[in-house]
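Trainee: I've got a protein model open and I'm not sure how to read it. Can you walk me through a few features?

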Amino acid sequence: MRRLLVCLGMLLGLAACAAEPHWAPDDAVAKAHYVSGDPPSVTLYTVVSRETGAGGHSGLMIDGPERVLYDPAGTWYHPYSPERNDLHFGITERMRKFYIDYHARDRWDVIEQKVPVTMAQAQQIRANAEKYGAARKSYCANAISTVLKDVPGFGAIHHTWSPKKLSRYFSELPGATYRVYHDNDPENNTGVLMIQQTDPRAAEIREKAFELQDGKAAN
């Protein structure tokens, strides 16, 4: 019995660490295709605790031939943004704001760091993200640093498990900008989850609100 319990515990531990693969169908990905028209860039989002300064999560927006969001081990979801193994499609400006708004709380800030890249660099970074696949829980900085570190021009990026260290490395890249998003909403994203995970028409209501007041996440 003891041996059986040990084996079950090991299996449960492995399950907790396992990646959660998702593979949206081709038609959903094609429908969500979005080109921003902006110069190619990559943008690192780092969620940081206001109380301790510790990093809680990392995400990477890749703006090349198509704008996508690489959110390894993330929990963000939107019905208009189909996902393939942590790579989200259809990242319009509204979706970008949704992503920021989802993470920013009265106890958490979101740091945005953006660097210009060539189209070839953007394509390589996306290819690396696709190759990495779905990340295990708590592997966000590990995945993003792995995806970036061997790309020409990203020599400042070293492999790390820490979102804060990754943010510091990213700040050393040429042309890196820095912005912090604050939000005094309670430590509760239930409303966002209800809107994002239910009928897509409900998401339209929130998008209209952003359109009318430019979204609190953009202030």
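Mentor: Sure, starting with helices and strands: they are DSSP runs, H or I of at least four residues for a helix and E of at least two for a strand, numbered from the N terminus. This protein has eight helices and seven strands. The model is predicted, so local features need pLDDT of at least 70 and side-chain atom pairs count only at pLDDT 80 or more, while totals for chains, interfaces and linings use all residues. Residues are numbered from 1 along each chain as its sequence is written, and side-chain values use heavy atoms, with hydrogens and water left out.

Trainee: How much of the protein counts as buried?

Mentor: Buried means under 20% relative accessible area, exposed means over 50%, and partly exposed is in between (1.4 Å probe, protein chains only). Here, 45% of the 219 residues count as buried.

Trainee: Why is helix α3 described as largely enclosed by the rest of the structure?

Mentor: Because nine of the 11 residues of α3 (residues 93–103) are buried. Among them are Met95, Phe98, Ile100 and also Arg96, Lys97 and Asp101.

Trainee: What about a single residue, say Asp109? Is Asp109 buried or exposed?

Mentor: Asp109 is buried, with a relative accessible area of 13%, and lies in strand β6 (residues 108–116).

Trainee: Which side chains make polar contacts with the side chain of Asp109?

Mentor: A polar contact is a pair of N or O atoms within 3.5 Å; within protein, one must be able to donate a hydrogen and the other to accept it, and residues adjacent in sequence count only if both atoms are side-chain atoms. The side chain of Asp109 has one with the side chain of Arg50 at 2.8 Å, and another with that of His182 at 3.1 Å.

Trainee: And plain contacts?

Mentor: Those are heavy atoms within 4.5 Å. Leaving aside neighbours within four places in sequence, Asp109 is in contact with residues including Thr46, Val48 and Tyr181.

Trainee: Where is Tyr34 found?

Mentor: Tyr34 sits in the loop between α2 (26–32) and β1 (41–49). Tyr34 is partly exposed, at 23% relative accessible area. Gly90 is 56 residues away along the chain, yet the C-alpha atoms of Tyr34 and Gly90 are separated by 5.2 Å. Once neighbours within four places in sequence are left aside, Tyr34 is in contact with Glu66, Arg67, Gly90, Ile91 and Thr92.
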